[in-house]
Amino acid sequence: MTTAPIPRPFSTGLRRIAADPWLFGIFMVLSLLTVIFAILPIASVLVQALRATPTETGSGLGILIERLSAPLIWRAFGNTLLLGASSALISTLTGFLLAFAMTRTPMRGKRTVHMIALLPVISPPFVIALAMILLFGRSGLITRELLGIRGANVYGFHSLVFIQSLAFTPLAYLNIRGMLQSMDSALEDAAATLRASQWTVFRRVTLPLALPGIFSSALLVFVKSIEDFGNPLVIGGSFNTLAVEAYSQLIGYFNVPMGALLASLLLVPSLLAFMIHRHWLAKRSYVTVTGKPTAQEIRLTARRVVWPLAAFCYLYVGLVVLLYGTVVWVSLTKIPGIDWSFSTEHYVRAFTDGLAPLGNSLTIALIAAPVATLAGLVIAYIQTRRRFPGAALLRLGTLLSFAAPGTIIGIGYVSVFNTAPLLLTGTITIIIAAIVVKTVQVGIEAGTNQLRQIDPAIEEAAMILGASNGRIFRRVTAPLLRPAIFTAMAYSFTRGLTTLSAIIFLVSANWTLITVTILNQVETLRMGLAAAYSVILIVIVLSALALLQVALGRGAKQR
Amino acid sequence: MTRVTLKGINKIFPGRDGHPGAHAVRDLDITLEDGTLVTLLGPSGCGKTTSLRMLAGFETPTSGQILIDGRDITHVPVNQRGIGMVFQSYALFPHMTVAENVAFGLEVLDLTRAEITRRVGEVLELMDLSALAGRAPAQLSGGQQQRVALARTVVTEPDVLLFDEPLSNLDAQLRERMRDELRLVQQRLGITSLYVTHDQSEAMAISDRVIVMRDGRVEQDGPPAEVYAHPRTAFVAGFMGRANILPARVLATEGESLRAELGGVPVTLPRPGSELAPGDAIRVVLRPEQIALSTSGPIRARIERVIFQGGFTEYQLKAGAALWTITDHRHHLHPGHRPGDEIGIDIGSAAAWILPGATD
Ligand SMILES: Nc1ncnc2c1ncn2[C@@H]1O[C@H](COP(=O)(O)OP(=O)(O)OP(=O)(O)O)[C@@H](O)[C@H]1O
Ligand SMILES: [Mg+2]
């Protein structure tokens, strides 16, 4: 019955536009903004990496080869990959053990383990580094006070791997836990009724089904690890990574081409990992989202399995508590390492002299979060429900911005927004733009997933009842997107307050931010003040999340 | 007074990435008379939903015209057509209560609060839903959700009502009850309706007219009893219920009747409208309930299977190479037959229907 008619994509495209001129206008604006704030900056960094400085002669390629022959580049490149791979391996393994224990065993204290295990996600990435220095540094609580070691060296690769693994384990944990939870336990039960032992069920059913989740977590942690700037800077010592090296070339030596080249090199593994993640893993996910939560029955109760797993979980949680507890304690001591008496003076300082950066960060996060959320959801809506011609550009731009490390975005912004008509350096706008660009993808993804689960007939029903597009979005689509709104808001707000890698290039005398301030305190060894700031930041994030939950949750209960 | 006309409608879904497109609807001409319920019936993929969605405005016809009372609405947006639709999945707003769901379409009309409350109350009363007004859709049974979907649609008093397999999510018993309720509401309100289903018994029970579709085309259009008794093609005959469609050959025409050879036996059949000459190939359509087993029947057959169905007994027989199905609705009155029994088939003559030619 099918004939091959002449496809007329152009006219159908035009008709789609005509049906929704407003939405198409928004789509055009978003596409333009994506080009300006994502594609252009990244492209400019790539160009700068190739451009000759006045002192250099020769063609672009010759210069590139010349620059690439510098050993420092390859050391940093190797270090970055080594760090990324190590952290990915350890975080994923830890995350899997946590997730497995949480979903498959009757371990005690699951709620507590869950809450504490998530702490590293919502704190600035380098709080753990700070705690490590406080515990194991030259005048560390454990190294010097407890063990009496003098001149202990906490700086270097080993600490860095430890810190990153700990910091990124929650990502892997959440990802794998979701996978294990949505796995229909009937599958495992079916295997068990076929007389498979519990070990066989694990090896032949659970593990293979969880594999896409495990692998995707590893890629995610890898990308996060190589993008990380704060930890390597604070505790890397002589172990230089691309992100740190790019920063010091640019800010320390004003060597723009070298900084750009290092940042561009950072883009390669990031993009690669991201592309593998999207195109290869997406097709291999066995878990289908049915929308109805499948009941998970706990079948694994053998002590010899449960106890070691539980012990591992408690150990992990104990470590997190120790590290964050240290930060809290140090924030309340007079002069850490010298005078351990109780004092609130750091908090007093933070709330007097240090109020400006705190206020700045809060302002920026409060603006960036709703902007990123709204943009993300609207893009998700356009991409799933309307297929406007040219949507590929928008998709490419937002994906690129998400995959691109903060360093390259930061460097790109400095160069692109330095001249009229896009003169934005030193303004709050440029910082907000960087945060929105780095976080918008989470809103897009959450929104897309949510929209896929909403039967399009629900919106059609509203339409045929006479509602306009605006009313449908307000009264039907947006309320149903509430979980996605929460995810996007929480993520962009938290990242807005805690991010460092991109905005380190963008802060100015007018707009200095709390994370940068903490970093300065650490570098000048004012640990007490740094700790106090970190605690305040964590409290702010936690209260904001609680508020958000209440705000969005109450909306749901009205119904 | 609402009369809907679809004139020469074609719908071609463009292909993508080198795949051919789909010509989902071809040269569709339909008229819905005022206040009637017309059913689109056909197998999966024949273009029923596409036709309905074009009338609703969710799809634009590739060519053709849609008129309501003579007004061309082919390019009028969905939300200005004054058409109501009940979806297969009901598409209730999950975040609103039953009352809020029903009120949604009235809010769009900018009525006063009091007016909205009054009309919602009336419709909930009519649909026997008053007690459930404050519930969320997730807290309702399938049948209740179905009634809410209908209430939400009729409360805005649309000129035309569309149904896309509205009962397919219900179990068999409930389906029949809801079907009758639906028909009752439609008749009481007198709304011109188009109803899509692939269940022929549902189509016959509910409609004023049935339109059988196949591969995007109308195969036959008429009142249910007419389409059932006088199918134009073997496809329609088979789709409108069970049928024995048997090859035969014309022997002679005699006044109002026709002599034909069927399964090696000469039989007398009613004469069809079309001209037939001796020697022509024909097909005889016999409904299983219109023929009977009798020891003296002229066509000899062997019983292969006997299936007890409660209300009737179904016999599957073999006569020569042909397979026959016969249902006995008076099986309680006489002893049954058993597999292996040799028996005769008596086709009577009045109800048989002749299709010219050996194939459609
Ligand atoms: N959006 C679309 N894009 C491309 N082809 C489509 C689209 N919608 C429907 N089709 C094709 O058009 C034809 C008719 O589809 P339609 O949904 O109208 O069938 P239907 O009669 O409602 O079937 P069913 O009983 O299964 O619901 C099918 O071949 C289908 O594959
Ligand atoms: Mg259909």
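Colleague: Which helices of chain A each supply at least two residues of the lining of the largest cavity?

Modeller: They are α20 (428-453) and α23 (482-498). Helices (H or I, at least four residues) and strands (E, at least two) are DSSP runs numbered from the N terminus. The model is predicted: local features need pLDDT of at least 70 and side-chain atom pairs count only at pLDDT 80 or more, while totals for chains, interfaces and linings use all residues. Residues are numbered from 1 along each chain as its sequence is written, chains are lettered from A and ligands numbered from 1 in the order in which they are written, and side-chain values use heavy atoms, without hydrogens and water.

Colleague: What makes a residue part of the lining of the largest cavity?

Modeller: A cavity is a set of points, on a 1 Å grid over the protein atoms alone, where a 1.4 Å probe fits but cannot get out, and a lining residue has an atom within 4 Å of a point. For the largest cavity this gives A:Ala434, A:Ile435, A:Lys438, A:Thr439, A:Arg495, A:Gly496, A:Thr499, A:Ala502 and A:Ile503. α20(A) provides the largest share, four residues. The space inside is about 50 Å³, a volume being what is filled by probe spheres set on the grid points, which are joined across faces, edges and corners.

Colleague: What classes make up the lining of the largest cavity?

Modeller: There are four nonpolar, three polar and two charged residues. The nonpolar class is Ala, Val, Leu, Ile, Met, Phe, Trp, Tyr, Cys and Pro, the charged class is Asp, Glu, Lys and Arg, and the others, Gly among them, are polar.

Colleague: What lines the second largest cavity?

Modeller: Its lining consists of B:Tyr228, B:Ala229, B:Pro231, B:Val285, B:Leu286, B:Arg287, B:Gln290 and B:Ala351. Two or more of these residues come from each of α7 (224-229) and β14 (281-286) of chain B. About 30 Å³ of space lies in this second largest cavity, and its lining divides into six nonpolar, one polar and one charged residue.

Colleague: Why is B:Gln146 called buried?

Modeller: Its relative accessible area is 1%. Buried means under 20%, exposed over 50% and partly exposed in between (1.4 Å probe, protein chains only), so a value of 1% falls in the buried class. B:Gln146 belongs to helix α4 (residues 142-154) of chain B. Leaving aside residues up to four places away in sequence, B:Gln146 touches B:Val86, B:Tyr90, B:Pro166, B:Leu167, B:Leu170 and B:Met178, contact being heavy atoms within 4.5 Å.

Colleague: Why is A:Ala509 called exposed?

Modeller: A relative accessibility of 79% places A:Ala509 in the exposed class. This residue sits in the loop between α23 and α24 (514-523) of chain A.

Colleague: What makes a set of residues a nonpolar core?

Modeller: The members are buried Ala, Val, Leu, Ile, Met, Phe, Trp, Tyr and Cys residues joined through side-chain atoms within 4.5 Å. The largest such core has 212 residues, and A:Val476 and B:Phe93 are among those with the most contacts inside it. Helix α25 (residues 527-558) of chain A gives the largest share of this core, 15 residues. A second, separate core has 34 residues, including B:Leu129 and B:Phe163. A:Val476 touches residues of both chains, including A:Ile458, B:Phe93 and B:Phe104.

Colleague: How many aromatic pairs does a search of the whole structure find?

Modeller: The search finds 17 over all chains. One of them, A:Phe24 with A:Phe27, has 5.7 Å between centres and 35° between planes, and is tilted. Rings of Phe, Tyr and Trp (its six-membered ring) pair if their centres lie within 6.5 Å; planes under 30 degrees apart are stacked, over 60 edge-to-face, and the rest tilted. About one helical turn separates A:Phe24 and A:Phe27, because they are three residues apart in helix α2 (residues 21-50) of chain A. A:Phe27, at 2% relative accessible area, is buried.

Colleague: Why is the pair of A:Tyr381 and A:Phe473 called edge-to-face?

Modeller: The planes stand at 80°, with the centres 5.6 Å apart, so the pair is edge-to-face. A:Tyr381 is in helix α17 (residues 355-385) and A:Phe473 in helix α22 (residues 469-480) of chain A, so the pair ties together parts 92 residues apart in sequence. A:Tyr381 is buried at 7% relative accessible area, whereas A:Phe473 is partly exposed at 25%.

Colleague: How do you know that helix α13 (residues 242-252) of chain A is largely enclosed by the rest of the structure?

Modeller: Eight of its eleven residues are buried, which supports that conclusion. Among them are A:Leu242, A:Glu245 and A:Tyr247. Just after α13(A), A:Phe254 has a positive phi of about 50°.

Definitions and conventions: 1 Å grid on protein atoms, 1.4 Å probe; cavity = no way out; pocket = protein on both sides within 12 Å on 5 of 7 lines; lining within 4 Å.
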